[in-house]
Amino acid sequence: MSSQAGQDALFLRACRREPVERTPVWIMRQAGRYLPEYRAIRERHDFLKCCRTPELAAEITLQPVARLGVDAAILFSDILVPLPGMGVHVEFNPAPQLAHPVRCAADVASLRVPDARETTPYVLDAVRLIRSQLGGRVPLIGFAGAPFTMATYLVEGGGSKSFAAVKGLLFGDSRTAHRLLGICAETVASYLSEQVKAGAQAAMLFDTWAGLLGPDDVRTFALPYAQRVFAAVREASEGIGAHVPLIYYAGDSAGWIEACTEIGADVVGIDWRMSLDAARARVGTAVALQGNLDPTILLGSRALIQQRARGVLRAALGESGGEGGAAPGPTGAATGHIFNLGHGILPQTPPDHARLLVDTVRQYTETPS
Ligand code: CP3
């Protein structure tokens, strides 16, 4: 049965905390600007055209699979791709910019909850095409922005230093904020569920900006909405007889990491600001952990990359030395660990450093047979 064939893939087994023969590895933002083959495509096509053309999205998704030998592919798209369907125009230069940010109750009232099949059919076509082009080599991760992070972009209209607009809405007009978050949750629930129905084998929410919030506020404005999305995606996944792992990544979550176990995620992604052994002590053993090498380590020497990668692997095993003081030699594979960076790979990264990282994880965790 080809639809079942991928279920025992290394990456999916690690997400389910099953035994693995080595630690799987992929890299957040692995398809993108640090790759010359991506830049070559971008010279001919603008970013949104790449997202909206299934053949281009599929080609870009597969680029890092071929070059790096990662254990999972992630759909090439962006967390803001659903915005036009909600009635919001967005441009990428390359950072996202909204001409008309959502700032008040009337703005929120004008938003639509789109049907993903009508407004983003090209994403679902891309998922189907990628699955067929992957031919079972590695699983495909579908993704979306978590409701809070999506709302942050909608309100700020782009990046920000103080995030005063979105935090001003949360604390100045929390009724409107909750209405907006509800709309984002419904939008993302449909969008990510449709990706799963189209063939995505894991589903990830990026909550890049959740770390703006303290422990009480994250439980009010971010986590309940991510939980709503996961419940819907879980239902969609069970509806097609699959068990699709749900991955929650939040930036800067060290202040409330244990709360991430309450939202129905199978895997919790963490950034580099805390070590994996400290994170494990706080989240317990019910979830897998994904992470967490500082992406800027890939701008350092080859020796540093190997040393720090081993530090992360040892911390995943619960051994001290997670800060880089790791001894040389094989580590073996920790249960319930997926190696990744602690945030997206930077455009300045030499591609052969990314390849070295993948090879290092492989080499140091492989159990000799
Ligand atoms: O991981 C992958 O390889 C899949 C592709 C992917 C993109 N964006 C492509 C992209 C993914 C998973 C994202 C997620 C995303 N987008 C996040 C969450 C993850 C994170 O890094 O925190 C966020 C916050 C965004 C919003 C966004 N989109 C920003 C801030 C930018 C500009 C700067 C940047 O980080 O690249 C984008 C544009 C974007 N999204 C590009 C790519 C390859 C660059 C566009 C270009 O080619 O010029």
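This passage describes the salt bridges and one helix of a predicted model.

Residues are numbered from 1 along each chain as its sequence is written, and side-chain values use heavy atoms, with hydrogens and water left out. Because the model is predicted, local features need pLDDT of at least 70 and side-chain atom pairs count only at pLDDT 80 or more, whereas totals for chains, interfaces and linings use all residues.

A salt bridge is taken as a side-chain nitrogen of Lys or Arg within 4 Å of a carboxyl oxygen of Asp or Glu. By this rule, the model contains 18 salt bridges. Individual pairs are described together with their accessibility, for which buried means under 20% relative accessible area, exposed over 50%, and partly exposed in between (1.4 Å probe, protein chains only).

Asp271 is paired with Arg273, and their closest N and O atoms lie 2.4 Å apart. Asp271 is buried, at 3% relative accessibility, while Arg273 is partly exposed, at 46%. A second salt bridge joins Glu18 to Arg16, with 2.8 Å between the closest N and O atoms. Glu18 has a relative accessible area of 28% and is therefore partly exposed; Arg16, at 25%, also counts as partly exposed.

The salt bridge between Asp359 and Arg355 has its closest N and O atoms 3.1 Å apart. Both residues belong to helix H16 (residues 351–365), where they are 4 residues apart, about one turn of the helix. Helices (H or I, at least four residues) and strands (E, at least two) are DSSP runs, numbered from the N terminus. Asp359 is partly exposed at 28% relative accessibility, and Arg355 is partly exposed at 34%. In addition, a network of salt bridges links Arg22, Asp71, Arg362 and Glu366.

Helix H5 (residues 54–68) was examined for its length and surroundings. The expected span of a helix is 1.5 Å times one less than its number of residues. For the 15 residues of H5 this gives 21 Å, and the end C-alpha atoms are 22 Å apart, which agrees. H5 is mostly covered, since 11 of its 15 residues are buried. Among them are Pro54, Leu56, Ile60, Leu62, Val65 and Leu68. The buried residues of H5 pack against helices H3 (36–44), H4 (47–52), H9 (121–134) and H16, as well as strands E1 (73–74) and E4 (140–145), where contact means heavy atoms within 4.5 Å. After H5 comes Gly69, which has a positive phi, near 75 degrees.
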